[in-house]
Each structure stands twice: as structure tokens, then as C-alpha cells.
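Biologist: I've got a new model open and I'd like to go through it with you. Mind if I throw some questions at you?

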Amino acid sequence: MTNERELYEGLVFITGTWRAEYLVSALSDDLAHIPAAEFKSEDGADFSAISFTFFEDHTVVMEDTAGGKRESGVWEQTGPGEYRYTLGGFFELPDGAFRKNAETLTVRDGRLVFSIGFLAVAMKKTADGAVSPEKNPDAAKQAPDGGEAAPNWLVGVWKVERTMALLGGDFRFCARGEVEADLDARGADEEERREALQPFDAVIEFTADRRVLTRVKVPEGLSGEELSAALAAGEISDLRDGAFTVGETAWKTADGRCFYDTGESREVCGEEQSSWDELTPDGEGLLPFGSGMMMLKKI
């Protein structure tokens with residue numbers, strides 16, 4: 001299943017002009033790359049004059065500058081690294097698998113490849129096309145705060161209801177009781193129990209002034225002097241009600257939606273990604289948080 005991000009990346013990848021670069025014959029012994037200008041058909045034509053131009057509205061234009069042919073059509077992304085296009089004419093191909101293979105484009109080594117019989121034609125992108133900024137699924141994440149009023153459903157304190165944990169060989173969302181039962185069954189020592197249950201001791205506060213505070217209770221045995229030293233060093237802040245803040249980021253509204261800054265540095269294929277994630281409660285009213293590793297419940 002292709003998600004919204006993959007569809008956008010596929011759109012950016014294909015939009016623009018592509019020209020035949022080389023061909024490979026399945027009948028050859030070494031599958032050598034034959035430059036498009038050197039592979040001649042019986043009438044002396046070659047593939048170097050053939051180009052595809054794909055547009056963001058899912059239309060495509062195919063041209064043969066040598067033969068003076070031009071045909072329009074449409075395209076769609078059918079899966080990760082796979083596209084399909086149809087034209088009103090151009091290729092005189094029989095229906096069936098032969099035509100389907102010619103109208104199917106696959107991504108290989110940064111090129112678009114289609115086949116005509118025993119020939120594979122590899123195309124190289126020669127010009128990028130324009131993709132509207134609003135097509136980017138991260139557009140709202142990257143937008144400045146819209147200044148909309150803080151929603152009542154969000155502002156307040158949330159506890160960690162479930163967190164991802166490894167139980168019985170499965171990495172899945174677990175409630176505190178499930179983790180405790182697993183620790184009891186394994187006879188875990190105090191240090192392991194403390195580490196495994198630590199996420200459930202945190203609360204997340206979304207403030208009306210657009211702050212996201214991660215607060216944890218004061219560990220047992222921590223002296224007043226140690227707390228004072230940690231406060232002075234800036235390691236913790238906002239000591240109150242037996243808890244203190246260990247992390248602070250921000251949340252915002254944009255395009256009628258709410259987002260929070262994870263503070264993460266993200267990159268996909270060399271492209272920097274937004275550190276903001278959307279805040280959207282599920283059907284149970286639980287709020288995915290921590291890059292989807294936690295589910296929060298308002299208290």
C-alpha cells in the first residue's frame with residue numbers, strides 16, 4: 001500500500017522530462033548497455049529522439065522529434081517505484097502482456113525502464129518538472145503557527161497509557177499492567193523493572209501558551225541537595241507537586257490542525273524532513289506521541 005508520503009516522493013521523482021539513454025537486449029549474452037542513439041531499427045530510426053514529459057496533474061506527453069510524432073496521455077503511480085501510463089496512440093502494439101509491459105515504468109538505478117518485447121529501454125531524467133508546494137504532505141507541518149485558539153481537547157495533562165515494548169518476542173503497544181506481569185513472570189530485578197516502567201511515570205502537558213512539557217516524578221532517594229544542584233545546572237526545571245520538567249518543545253496550529261515539534265533531526269534520501277508531527281487522537285481518544293512510540297490519555 002502506497003502512503004501519502006510515498007505518493008508525493010513518487011510525484012517529485014517522475015515529474016519532468018525523461019529521454020531514452022540506453023537499451024538492453026534480453027537476447028544478448030552480456031546484457032550490455034547499448035546507447036539509445038546507436039540502436040537502430042530497420043528504418044534507421046533510433047530511440048534517442050523519444051522523450052516523456054510527466055506533469056503533476058498526471059498527464060504525460062510523449063514525443064518523437066525525429067519522426068515528428070507527439071501524443072498525450074495520463075499516468076498513475078501503481079506502487080513503490082512503479083508507474084503506468086496510457087497514450088491515445090504512438091506505439092502500434094498488440095493488446096495483452098506485450099502492451100502492458102510497454103506501458104509499465106519501473107525505477108531502476110534512478111532511471112525509468114519499460115520494455116518492448118525483448119528490449120528494455122532505460123530513460124534518464126533531463127529536466128525537473130514543477131510540483132506545487134501544497135502537494136507536499138508536510139506543507140502544514142512546515143507552515144508557521146496559524147494563531148488559532150488552543151483547542152480544549154488538547155490543552156491539559158496526558159499520561160502514558162501505552163508504550164511500545166518487547167513482550168513475548170513481539171514488539172507492540174503495551175499497557176503498564178502487561179509490562180508489570182511480564183516482569184513478574186521473568187523475575188526481573190529492581191533495575192530492570194525501573195527501566196521498563198519508567199515511560200509510564202512520565203506525563204505530557206500541553207499548555208495554552210503552546211509549550212509541550214515532559215514531566216517525571218522525583219525519583220525515590222533523591223536528596224534535596226541533589227535536586228537543587230540539578231535545578232542550578234539546568235538539567236531539570238519547574239519542580240512542583242513532586243515532579244519536574246525534563247524536556248520542553250512546542251506545539252502549533254496550522255491549516256486547522258495541531259502539530260508538535262518532536263525535536264528530532266530527520267532525513268530521507270538526503271532530504272531533510274520536518275520535525276513536526278500531527279496531533280490526532282484515535283478512535284479511543286488516545287493521542288499518538290513520541291514519533292508514534294507512545295499513546296497518551298488525558299487525565
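Biologist: Is His58 buried, partly exposed or exposed?

Modeller: Bear in mind that this is a predicted model. His58 is found in the loop between strand E3 (50–54) and strand E4 (59–64). Its relative accessibility is 32%, and since buried means under 20% and exposed over 50%, His58 counts as partly exposed.

Biologist: What is phi of His58 near?

Modeller: His58 is a residue other than glycine, yet its phi is positive. The value is near 70°.

Biologist: Which loop holds Asp255, and what is its phi near?

Modeller: Asp255 is found in the loop between strand E15 (243–254) and strand E16 (257–261). It is another residue other than glycine with a positive phi, and the value is near 55°.

Biologist: Which residue forms a salt bridge with Asp255?

Modeller: Asp255 counts as exposed, because its relative accessibility is 64%. The partner is partly exposed, with a relative accessible area of 29%. The closest N and O atoms are 3.9 Å apart, which is within the 4 Å cut-off, and the partner is Arg257.

Biologist: Which residues are joined into one network by salt bridges that share partners?

Modeller: Side chains of opposite charge can pair when their charged atoms come close. Here the shared partners link up Arg176, Glu180, Asp201 and Lys217.

Biologist: How many residues apart are Asp182 and Arg186 in helix H4?

Modeller: The side chains of Asp182 and Arg186 meet in a salt bridge, at 2.8 Å from N to O. Arg186 counts as partly exposed at 45% relative accessibility. An α-helix has 3.6 residues a turn, so residues three or four places apart point the same way. In helix H4 (residues 176–186), Asp182 and Arg186 are separated by about one helical turn, being 4 residues apart.

Biologist: Which residue meets Asp128 in a salt bridge?

Modeller: Asp128 itself counts as exposed, because its relative accessibility is 68%. The N to O distance in the bridge is 3.3 Å, inside the 4 Å limit. The partner is Lys125.

Biologist: And how many salt bridges does the count come to?

Modeller: The pairs we've talked about include Asp182 with Arg186 and Asp128 with Lys125. By the 4 Å rule the count comes to 19.

Biologist: Then what about sulfur: how many disulfides does the structure hold?

Modeller: Let's look at two cysteines. Cys174 is buried, with a relative accessible area of 0%, and Cys258 is buried too, at 8%. A disulfide needs a pair of cysteine sulfur atoms within 2.5 Å, and the number of disulfides in the structure is 0.

Biologist: Which residues gather in the patch of negative charge on the surface?

Modeller: One of them is Glu195, whose place is in helix H5 (residues 190–197). Glu195 counts as exposed, because its relative accessibility is 58%. The patch gathers Asp189, Glu190, Glu191 and Glu195.

Biologist: About what area does the nonpolar surface patch with Met293 have?

Modeller: Met293 is found in the loop between strand E20 (287–289) and strand E21 (294–298). It is partly exposed, with a relative accessible area of 37%, so it passes the 30% cut-off for patches. Together with Leu166 and Phe171, Met293 makes a patch of about 330 Å².

Biologist: Which residues of H1 are buried?

Modeller: Val12 is found in helix H1 (residues 4–14), but it counts as partly exposed, because its relative accessibility is 36%. H1 is followed by Gly16, whose phi is positive, near 135°. The buried residues of the helix are Arg5, Tyr8, Gly10, Leu11 and Ile14.

Biologist: How far apart in space are Val12 and Gly129, C-alpha to C-alpha?

Modeller: In sequence, Val12 and Gly129 are 117 residues apart. In space, the C-alpha to C-alpha distance is 7.9 Å.

Biologist: Last one: how far apart in space are Ala208 and Thr53?

Modeller: Ala208 lies in the loop between strand E12 (202–206) and strand E13 (211–217). It is exposed, with a relative accessible area of 52%. Ala208 and Thr53 are 155 residues apart in sequence, and from C-alpha to C-alpha the distance in space is 49 Å.

Terms used. Residues are numbered from 1 along each chain as its sequence is written. This is a predicted model: local features need pLDDT of at least 70, side-chain atom pairs count only at pLDDT 80 or more; totals for chains, interfaces and linings use all residues. Side-chain values use heavy atoms; hydrogens and water are left out. Buried means under 20% relative accessible area, exposed over 50%, partly exposed in between (1.4 Å probe, protein chains only). Helices (H or I, at least four residues) and strands (E, at least two) are DSSP runs, numbered from the N terminus. Patches are made of residues with over 30% relative accessible area and no salt bridge: like charges are joined within 9 Å, nonpolar side chains (Val, Leu, Ile, Met, Phe, Trp, Tyr) within 5 Å. Accessible areas come from the Shrake-Rupley method with a 1.4 Å probe; for residues, only the protein chains shown count as cover. Lys and Arg count as positive and Asp and Glu as negative; His and the chain ends are not counted. The place of a charge is taken as NZ of Lys, CZ of Arg, CG of Asp or CD of Glu.
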